[in-house]
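Q: I have a protein model on my screen and I would like to learn how to read it. Could you take me through some of its features, one at a time?

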Amino acid sequence: MQENEFEKQLKNAMEDFRLSPSAPVWEKVKKKLEEKKRRRLPFFFLLAAGLITAGYFTYHFSKQHQQNEEKIVADKNINVPKTNLHDSGNINDQENIANQNINDTSLKSAQKSLHYNIDLYSKEKVVKQINTDIVINEKTAAEKQNIRHKNSKAKQNVNIKNQKEKTDNTVLDNTQIQQSLPTIQPSKLSNDSSEDQQKIKDDVRKDLASVNKDSVATAKDSRNNISKPVTKKPGKTYKNPNWKFGITASYGRSKLTQKTKNSNSYTPQYLNSGVGGGITPTTVSNSHPFSSSNAFSIGAVIKKKIFKNAYISSGINFTHLSVSSNVNKKIDSLLTVPTSNNINSFYAVNGYYQAGSSKVYTSKYNFIEIPVSFQQYIFQSKQTSLSYNAGFSVRELLSSNALIYNPNSNVFFSKNDVLQKTQFQVLAGLNVEINTGKNNSIFIGPQISYSLSNLAKNENIGSFHFINYGLQAGFLLHKK
Amino acid sequence: MDYKELVKNCLKGNSEAQKQLYNQFAPSMFGVCYRYTKSVADAEDVLQEGFIKVFRNLNRFRYEGELNAWIRRIMVNTALNYLKQNKRYSSDLSYEEINLHPVSSENPDINIEAKELADLIRQLPTGCQTIFNLHAVEGYTHVEIGEMLGIHEGTSRSQYARARSIMITWIKCRNEHVKQQRYAGK
């Protein structure tokens with residue numbers, strides 16, 4: 001009793017002991033707190049920027065799609081104006097008729113090819129092409145009229161019959177078109193070799209070459225089935241391969257969310273005091289016992305196209321998650337842990353840690369994981385694309401050195417038997433994919449997953465759910 | 001303002017509330033930090049670090065106990081970490097088991113100002129100072145101290161006995177000195 005008198009006096013004296021710290025202390029505290037807020041800002045900024053970008057691309061893509069559809073309708077209604085050569089009245093010359101026919105027929109043929117049969121690379125390009133052709137046609141006609149008036153002898157240099165034969169073909173293939181013009185026009189322009197005429201000639205040649213390039217694949221079909229309409233593809237569409245497969249890797253952080261039972265929960269009993277045993281559990285701690293730590297995964301993925309711009313993907317991953325806890329020295333004493341809701345059924349745990357600050361213990365979890373997710377492209381071009389993915393995964397715990405926290409006694413213990421080996425997760429993310437070659441691509445993007453399963457088998461121990469987030473990247477090979 | 005209201009406002013990020021909470025608890029917490037360290041600058045470092053932890057973990061405070069006790073625990077833990085991490089202390093922070101000192105039965109009156117008493121505690125060797133603070137002032141048992149510091153319970157007991165003995169000697173000397181001064185004054 002006497003011994004305690006000294007401590008009592010000392011404690012009383014120290015209870016009222018107050019000292020004023022200097023003013024800069026608060027300023028430093030305030031600064032540190034603001035720094036933390038600022039550190040959070042980039043994350044929210046990136047998230048917001050990501051959402052805005054996704055929204056913009058979605059809007060842009062849908063708008064572009066709508067415009068393309070409108071243009072297709074407009075394009076179908078385009079009637080290529082015929083030249084006025086027939087109506088000019090005074091042109092009776094067979095050569096000019098032939099020229100007109102050649103050009104009209106060739107342009108019409110090109111337009112038809114463009115209109116119905118050509119696998120267009122660009123919708124806008126087609127419209128522009130047709131308009132250019134029309135202008136050229138008109139220019140050429142006007143030019144012909146000039147030639148006709150300036151030098152009627154020019155007709156002697158033209159092999160009308162040969163050209164006529166060519167133009168009489170109901171369908172001209174593009175090779176014929178290309179061959180015909182250079183033959184006609186130099187002759188036609190032979191007496192008037194102005195730069196403009198040469199330019200027109202070059203333009204026509206270029207345009208027809210362009211038409212020819214685009215239509216090469218379907219030119220034969222066009223001859224056989226010219227009236228049959230073929231569905232056009234809008235815009236610069238990128239045809240997704242049917243299959244994609246490759247490797248993925250991700251790195252980020254994992255943490256455990258915790259829900260503790262506050263009342264009527266089972267308090268572990270301490271058995272066999274032993275060394276350092278026989279302690280009374282300290283007061284219940286409600287502080288979160290786990291901090292986030294490193295997480296990574298590596299694996300393989302396979303994706304199957306299910307819609308025009310959507311895939312279903314699966315794969316297999318090795319996933320490593322970890323969380324850290326502040327603990328004190330290990331107590332070599334027995335602790336009982338309930339195995340079920342029946343408090344008479346329990347595990348005996350040999351050794352445990354009390355929450356404290358002596359050291360940081362990292363609990364590691366190694367899983368094999370099978371994710372299944374739906375992926376849809378919200379923006380796609382030939383080079384890059386943006387997609388979101390959402391799905392679920394199943395994980396099986398392979399190994400762990402995990403500490404389980406019991407809030408009722410404020411202790412950590414290690415017992416893999418109390419861990420739920422099979423875990424179900426929901427996952428979501430964004431991906432930016434870049435085509436790095438004809439048949440391959442790389443992708444990168446943020447991913448997040450949340451475990452729906454409790455990490456502990458028994459809810460009396462607590463309710464712990466994994467959440468992990470980070471960046472995922474990968475390399476994919478494409479197969480048509 | 002009710003402390004619950006104050007905590008809620010702090011959690012909302014209200015800097016005025018944070019300052020209010022700091023002003024309310026800083027003097028008593030600075031006293032705690034002062035006892036565990038050997039200089040005012042170090043005590044202020046611990047106080048600063050401790051309050052950052054307090055504000056960052058305030059969402060974990062469940063209003064079940066006293067806020068003062070909760071903050072005090074954080075300060076003590078922060079001080080212990082500071083001592084371990086700081087070379088000036090860690091080199092001197094010897095918890096080696098020393099020969100058991102018989103616990104002195106003397107209980108001199110502690111008619112000393114709190115500040116002076118705290119200064120005496122700070123004169124103890126770092127290991128003894130820490131254990132003396134934890135046991136005599138904070139009221140932790142030797143088992144708990146053993147777990148907190150990662151030492152054996154017996155080490156804590158012997159270190160405390162030594163610290164207590166030194167403190168009693170100093171207090172007695174100080175009391176004698178004061179008495180002599182009083183007689184001299186009369």
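A: Gladly! Let us begin with empty space: a cavity is a set of grid points where a 1.4 Å probe fits but cannot get out. Keep in mind as we go that this is a predicted model.

Q: How many cavities of 30 Å³ or more does the count come to?
A: By this rule there are nine cavities. The largest cavity holds about 480 Å³ of space.

Q: Which residues are the closest to the centre of the largest cavity?
A: Lining residues have an atom within 4 Å of a cavity point. Here 33 residues line the largest cavity, and A:N317, A:P371, A:L427, A:Q447 and A:Q472 are the closest to its centre.

Q: Which elements give two or more residues to that lining?
A: They belong to chain A: strand 1, strand 3 (291–307), strand 4 (310–338), strand 6 (359–380), strand 7 (384–400), strand 10, strand 11 and strand 12. Strand 4 of chain A gives the most, with seven residues.

Q: How many residues of the lining are nonpolar, polar or charged?
A: The lining of the largest cavity has 19 polar residues, eleven nonpolar ones and three charged ones.

Q: Now for the outside. Which residues make the nonpolar surface patch?
A: A patch is built from residues with over 30% relative accessible area and no salt bridge, and nonpolar side chains are joined within 5 Å. In this model, A:W243, A:F245, A:I247, A:I302, A:V432, A:I434, A:I442, A:I444, A:L471, A:F475 and A:L477 make a nonpolar patch of about 890 Å². Two or more of the patch residues come from each of these elements of chain A: strand 1 (243–259), strand 10 (422–435), strand 11 (440–451) and strand 12 (463–479).

Q: Let me try one of those residues. Where is A:W243 found?
A: Look in strand 1 of chain A. With a relative accessible area of 34%, A:W243 is partly exposed.

Q: Next, chain B. How many helices and strands does its secondary structure come to?
A: Chain B has nine helices and zero strands. Read from the N terminus on, its elements run α-α-α-α-α-α-α-α-α. Buried residues make up 51% of the 186 residues in chain B.

Q: What about charged side chains: how many salt bridges are there over all chains?
A: To call a salt bridge, we look for a side-chain nitrogen of Lys or Arg within 4 Å of a carboxyl oxygen of Asp or Glu. Over all chains, the count comes to nine salt bridges. One of them is made by the side chains of A:E7 and B:R164, at 2.9 Å from N to O.

Q: Why does the pair of A:E7 and B:R164 join two chains?
A: A:E7 lies in helix 1 (residues 2–15) of chain A, whereas B:R164 lies in helix 9 (residues 153–185) of chain B, so the salt bridge links one chain to the other.

Q: Are these two partners buried or exposed?
A: Buried means under 20% relative accessible area. A:E7 counts as buried because its relative accessibility is 8%, and B:R164 is buried at 1%.

Q: Which residue forms a salt bridge with B:D119?
A: That is B:K115, with the closest N and O atoms 3.2 Å apart. Both residues lie in helix 6 (residues 114–122) of chain B, four residues apart, which is about one turn of the helix. B:D119 is partly exposed at 22% relative accessible area, and B:K115 is partly exposed at 36%.

Q: Which distant parts of the chain does the pair of B:R174 and B:E116 link?
A: B:R174 and B:E116 form a salt bridge whose closest N and O atoms are 2.9 Å apart. The pair links helix 9 of chain B, where B:R174 lies, with helix 6 of chain B, where B:E116 lies, and the two are 58 residues apart. Salt bridges can also share partners: B:R35, B:R72 and B:E138 are joined into one network in this way.

Q: One last idea, distance along the chain and in space. How many Å separate the C-alpha atoms of A:E396 and A:K421?
A: They are separated by 5.5 Å, although the residues are 25 apart along the chain. A:E396 is found in strand 7 of chain A.

Terms used:
Residues numbered from 1 in each chain as written. Chains lettered and ligands numbered in written order. Predicted model: local features only at pLDDT ≥ 70, side-chain atom pairs only at ≥ 80, totals over all residues. Heavy atoms only, no water. Patch = residues over 30% accessible without salt bridge, like charges linked within 9 Å, V, L, I, M, F, W, Y side chains within 5 Å. Areas by Shrake-Rupley, 256 points an atom, 1.4 Å probe, with all protein chains shown as cover. Buried < 20%, exposed > 50% of the residue type's maximum accessible area, 1.4 Å probe, protein only. 1 Å grid on protein atoms, 1.4 Å probe; cavity = no way out; pocket = protein on both sides within 12 Å on 5 of 7 lines; lining within 4 Å. Points joined across faces, edges and corners; volume = space filled by probe spheres on them. Nonpolar A, V, L, I, M, F, W, Y, C, P; charged D, E, K, R; others polar.
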